[in-house]
Amino acid sequence: NPIDRFLAQRLATTELPVNATADRPTLIRRLSFALTGLPPTSAEVDRFLADERPDAYEQLVDRLLTSSQPATCCPRPRLTSRLPPAFPAAT
């Protein structure tokens, strides 16, 4: 991934330490807050932890983006409002 390579190069030149990879409970919590503004439910965490598919994280992203769950913030319009016309915002 070009972004990962760029970041790795920058970290190497500044001699900053690389953080350890986040564990799965931390990943779902961060993602849920970022996309819905709310923490995940215990059931959502359990479901994600039990999902052993290689694309479990991507599936979680898709599920949270299409969730009709009310949120304390509105990231979807913010995330899609700057997309070029070739990528219409979801309604």
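Is Arg53 buried, partly exposed or exposed at 44% relative accessibility? Arg53 counts as partly exposed, because its value falls between the 20% and 50% limits. The account below rests on a predicted model.

## Overall architecture

The protein chain contains five helices and zero strands. Read along the sequence, its elements follow the pattern α-α-α-α-α. The chain has 91 residues, of which 19% count as buried.

Among contacts in the protein chain with a separation of 6 or more, 56% join residues 24 or more positions apart. The sections that follow treat the pairings of α2, α3 and α4, and then individual residues in helices and loops.

## Packing of α2 with α4

Helix α2 covers residues 24-36, and α4 covers residues 56-65. Their axes come within 10 Å and cross at roughly 25°. Because this angle is under 35 degrees, α2 and α4 are roughly parallel to each other. The crossing of α2 past α4 is right-handed.

On the α2 side, the contact is made by Arg24, Leu27, Ile28, Leu31, Ser32, Leu35 and Thr36. On the α4 side, the participants are Ala56, Tyr57, Leu60, Val61, Leu64 and Leu65. By class, the residues of this contact divide into 10 nonpolar, two polar and one charged.

## Packing of α3 with α2 and α4

Helix α3, residues 42-50, packs against α2 at an angle of about 130°, and the two axes are 10 Å apart. The two helices are therefore oblique to each other, and their crossing is right-handed. Arg24, Pro25 and Ile28 of α2 meet Glu44, Val45, Phe48 and Leu49 of α3. This contact of α2 with α3 comprises five nonpolar, no polar and two charged residues.

Against α4, helix α3 packs at an angle of about 150°, with the axes 10 Å apart. An angle over 145 degrees counts as roughly antiparallel, so α3 and α4 are roughly antiparallel to each other. Here too the crossing is right-handed. Glu44, Arg47 and Phe48 of α3 make the contact with Ala56, Tyr57, Leu60 and Arg63 of α4. Its residues divide into four nonpolar, no polar and three charged.

Several residues take part in more than one of these pairings. Glu44 and Phe48 of α3 are listed in the contact with α2 and again in the contact with α4. Arg24 and Ile28 of α2 meet α3 and also belong to the contact with α4. On α4, the residues Ala56, Tyr57 and Leu60 appear in the contact with α3 and in the contact with α2.

## Buried polar side chains in α2

Two residues of α2 combine burial with polar contacts to the backbone. Ser32 is found in helix α2 and is buried, because its relative accessible area of 2% is under the 20% limit. The side chain of Ser32 reaches the backbone oxygen of Leu38 at 2.6 Å. Not counting residues up to four places away in sequence, Ser32 touches Gly37, Leu38, Pro39, Pro40 and Leu64.

Thr36 also lies in helix α2, and with a relative accessible area of 0% it is buried. A polar atom of the Thr36 side chain lies 2.7 Å from the backbone oxygen of Ser32. A polar atom of the Thr36 side chain likewise lies 3.1 Å from the backbone nitrogen of Leu38. Leu38 is thus approached through its backbone oxygen by Ser32 and through its backbone nitrogen by Thr36.

## Loop residues Asp23 and Arg53

Asp23 lies in the loop between α1, residues 2-14, and α2. At 45% relative accessibility, Asp23 counts as partly exposed. Its side chain is joined to that of Thr26 by a polar contact of 2.4 Å. Asp23 and Leu49 are 26 residues apart in sequence, and their C-alpha atoms are 9.9 Å apart in space. Leu49 is one of the α3 residues that meet α2.

Arg53 lies in the loop between α3 and α4. Its side chain and that of Asp51 are joined by a polar contact of 2.6 Å. As stated at the outset, Arg53 counts as partly exposed, at 44% relative accessibility.

Conventions
Residues are numbered from 1 along each chain as its sequence is written. This is a predicted model: local features need pLDDT of at least 70, side-chain atom pairs count only at pLDDT 80 or more; totals for chains, interfaces and linings use all residues. Side-chain values use heavy atoms; hydrogens and water are left out. Axes are lines fitted to C-alpha atoms, for helices over the stretch in contact, and angles run from 0 to 180 degrees between N-to-C directions. Helices (H or I, at least four residues) and strands (E, at least two) are DSSP runs, numbered from the N terminus. Angles under 35 degrees count as roughly parallel, over 145 as roughly antiparallel, 65 to 115 as roughly perpendicular and the rest as oblique. A crossing is left-handed if the near helix is turned anticlockwise from the far one by less than a right angle, and right-handed if clockwise. Contact means heavy atoms within 4.5 Å. Ala, Val, Leu, Ile, Met, Phe, Trp, Tyr, Cys and Pro count as nonpolar, Asp, Glu, Lys and Arg as charged, and the others, Gly among them, as polar. Buried means under 20% relative accessible area, exposed over 50%, partly exposed in between (1.4 Å probe, protein chains only). A polar contact is a pair of N or O atoms within 3.5 Å; within protein, one must be able to donate a hydrogen and the other to accept it, and residues adjacent in sequence count only if both atoms are side-chain atoms.
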